[in-house]
Amino acid sequence: MLHYLLKRLMSLILSLAVASMVIFAVIEVAPGDPASFMLGTGAQEDTVAALRSELGLDQGKVSRYLTWVGGMLTGDFGTSYTYRTPVAEMVGERLWVSLPLALYALTLSTLIALPAGIYAAARRGKAGDMAVMGATQLGVAVPNFWFAMLLVLVFAINLRWFSAGGFVGWDKGLWAGLHALTLPAVALALPQAAILARVMRSALLEVLGEDFMRSARAKGLSQRQAIRRHGVRNALIPVLTIIGLQFSFLLAGAIIIEQVFYLPGLGRLVFQAISARDLIVVESVVMLLVFAVILVNFLVDLTYAVVDPRLRRAA
Amino acid sequence: MNRSLFLGGLLSGIMLLLAIASFVWTPFDHAVMNIPDKLQTPNATHWLGTDHFGRDILSMVMVGARTSLAVALLAVGIGVGLGVPLGLAAAATRGSWLDEVIMRGNDLVFAFPSLVIAILITAVFGPSATNAIIAIGIFNIPVFARVARGGSLSLWAREFILTARVAGKSRARISAEHILPNIANLLIVQGTIQFSLGILAEAGLSYVGLGAQPPTPSWGRMLAEAQTLVSLAPHLAIVPGLAIILTVVGLNLLGDGLRDRFDPRLMEGRA
């Protein structure tokens, strides 16, 4: 187990190192100098030079990379070029929208998908299975931002159950916050639920063919009991992987959904930063998202080892 | 012919035809504004209605199909063009440092949230259809590399490959002449899946303004423009959305159908 843990930890660190280099390099080759962009076209040359040195842009690439990475490790994400406030502060505020949104969506997706997948597997080939599979076929094809627009049309504009966009803030209470995030979370969750339901179904179908399931039936359990007690648990490993991967889709997908609902999350921060050429914000937010994704994948791998002792030995 | 293959082929075929037809004919000029005719619901003259500038939506959807299909197809091309040789090389040198480097590199790209990186790339290098193709294409590379490697590994142990090796053919030549034709089926199936994912990705990038730029119509941008008008004229959002869904469903069904066709054993235990 320790060996497995160390090996995974090494690959986690390596992934993060390479990821940070790639992101830094991409931002590095971006055309346009942030200092001259901030000061506008009429700026004097020495003013630009002074600002460049203040922002640390006159240093070498390697030293700037190390400063950036070192800063991130200690929670200092640098200072926004446009707002002149610490990036960490801006990210912190926005995270309180994006993270709850992704988690809300993940919860919804799991709550919808697992029962649907189990139901379909238990009724394989029958009408119920066909209906679920047809719905998932449609679910994976629907762009979530389009679905979001339809939700706004129906539930915000016509029925007026929810607001069409914006976020009231958590200080108005948990309920108000969740209420504001409900439509975005549903929009994010449904396409993911379609994928997850398919995975749940096929994982369970595979397990249903195993000898221990036959034994469970032979000792007198009904099909339903056998599925509940033995089937679902054994089918959970592939499902867990997908749930882990989905977290990254949800965080990234939230970027677009936040645009639809005008939510003040990381996504809007990134787009505002992009249009203002506030590259340090873009760089840090992207790195943060990549970090979150790599970390979640790492945690999923660890969970495997806990769920399935065979993997511990194999590693 | 199985049902998925038929329905998938039909839907994808119609979309492809619409895209190709748009080069020679559209009901109206997709770029011509005609304000007096604005925001019409579908009617006899404008079959799918008009937008807030009075442009014909059917014409825009047809020309938009061109953009969506081209971007997704070229992104698949990048994935196949770079990923397949990498996968073949990894399989041919199984267990070597080259195999290790290629596969670890693959894992690394997989670990990235693709949409975030696509946004980063298009943001830094400027929004355009070309950059969208590159951004989507990069994430197709590891997919095809993995499929190509996985499909090739078992082939390398087969007798006809051993015969070729005994005959003195190089690993590269065997990969090209014997392995590649035998994994073509797998690659075609994966190609349809990546094609459909590419359509969704392009739509997303265009929607946030990082894909094809005006005046080139694209389904994603039509949706972005429809957003503020959705309560006035829901058809502005519904039509391009349906175009995306029908294309993606069509390609997914086509992929399923082709998989069953190439490997009938899968029909039995298909999940």
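Author: Quick vocabulary: helices (H or I, at least four residues) and strands (E, at least two) are DSSP runs, numbered from the N terminus. This is a predicted model, where local features need pLDDT of at least 70 and side-chain atom pairs count only at pLDDT 80 or more, while totals for chains, interfaces and linings use all residues. Residues are numbered from 1 along each chain as its sequence is written, and chains are lettered from A and ligands numbered from 1 in the order in which they are written.

Reader: How far apart are the end C-alpha atoms of residues 232-255 of chain B?
Author: UniProt, in an unreviewed entry, lists this span of chain B as a "transmembrane region" (annotations may be inferred rather than shown by experiment). The span is 88% helix and 0% strand. Its end C-alpha atoms are separated by 38 Å.

Reader: How do α7 and α9 of chain B run, roughly parallel or roughly antiparallel?
Author: The axes (lines fitted to C-alpha atoms over the stretch in contact, with angles from 0 to 180 degrees between N-to-C directions) of α7(B), residues 171-207, and α9(B), residues 235-262, come within 9 Å and cross at roughly 170°. Angles under 35 degrees count as roughly parallel and those over 145 as roughly antiparallel. So α7(B) and α9(B) are roughly antiparallel.

Reader: How many nonpolar residues are in the contact of α7(B) with α9(B)?
Author: Residues are in contact if their C-beta atoms, placed from the backbone, lie within 7 Å. Among those involved are Ile188(B) and Phe195(B) of α7(B), plus Leu251(B) and Phe262(B) of α9(B). Sorted by class (Ala, Val, Leu, Ile, Met, Phe, Trp, Tyr, Cys and Pro are nonpolar, Asp, Glu, Lys and Arg charged, the others, Gly among them, polar), the contact has six polar residues, one charged residue and, for nonpolar, 13.

Reader: What about chain A: how many helices does it have?
Author: Its C-alpha atoms fill a box of roughly 85 × 60 × 35 Å along the principal axes. Strands number zero in chain A, and the helices number 13.

Reader: Which element gives the most to the side of domain 1 of chain A that touches domain 2 of chain A?
Author: An automatic or database assignment splits chain A into domain 1 (1-74) and domain 2 (87-312), with C-alpha centres 32 Å apart. Their contact takes 15 residues from domain 1 and 15 from domain 2. On the domain 1 side, α1 and α2 (34-39) each give two or more residues. With nine residues, the top contributor is α1(A).

Reader: And how many residues does chain B bring to its contact with chain A?
Author: On the chain A side, α1 (2-28) and α12 (279-307) are among the helices that each supply at least two residues. That side has 31 nonpolar, seven polar and one charged residues. The contact takes 39 residues from chain A, and from chain B it takes 29.

Reader: Is Arg84(A) buried or exposed?
Author: Arg84(A) sits in the loop between α4 (61-73) and α5 (87-122) of chain A, with a positive phi of about 60° although it is not a glycine. A residue is buried with 20 or more other C-beta atoms within 10 Å of its own, exposed with 12 or fewer, and partly exposed in between. Because Arg84(A) has 8 such neighbours, it counts as exposed.

Reader: Which peptide bond is cis?
Author: Most peptide bonds are trans. Here, look in the loop between α7 and α8 (219-226) of chain B, where you'll find Pro215(B). With omega near 5°, the cis bond runs from Pro214(B) to Pro215(B).

Conventions: Angles under 35 degrees count as roughly parallel, over 145 as roughly antiparallel, 65 to 115 as roughly perpendicular and the rest as oblique. Two residues are in contact if their C-beta atoms, placed from the backbone, lie within 7 Å.
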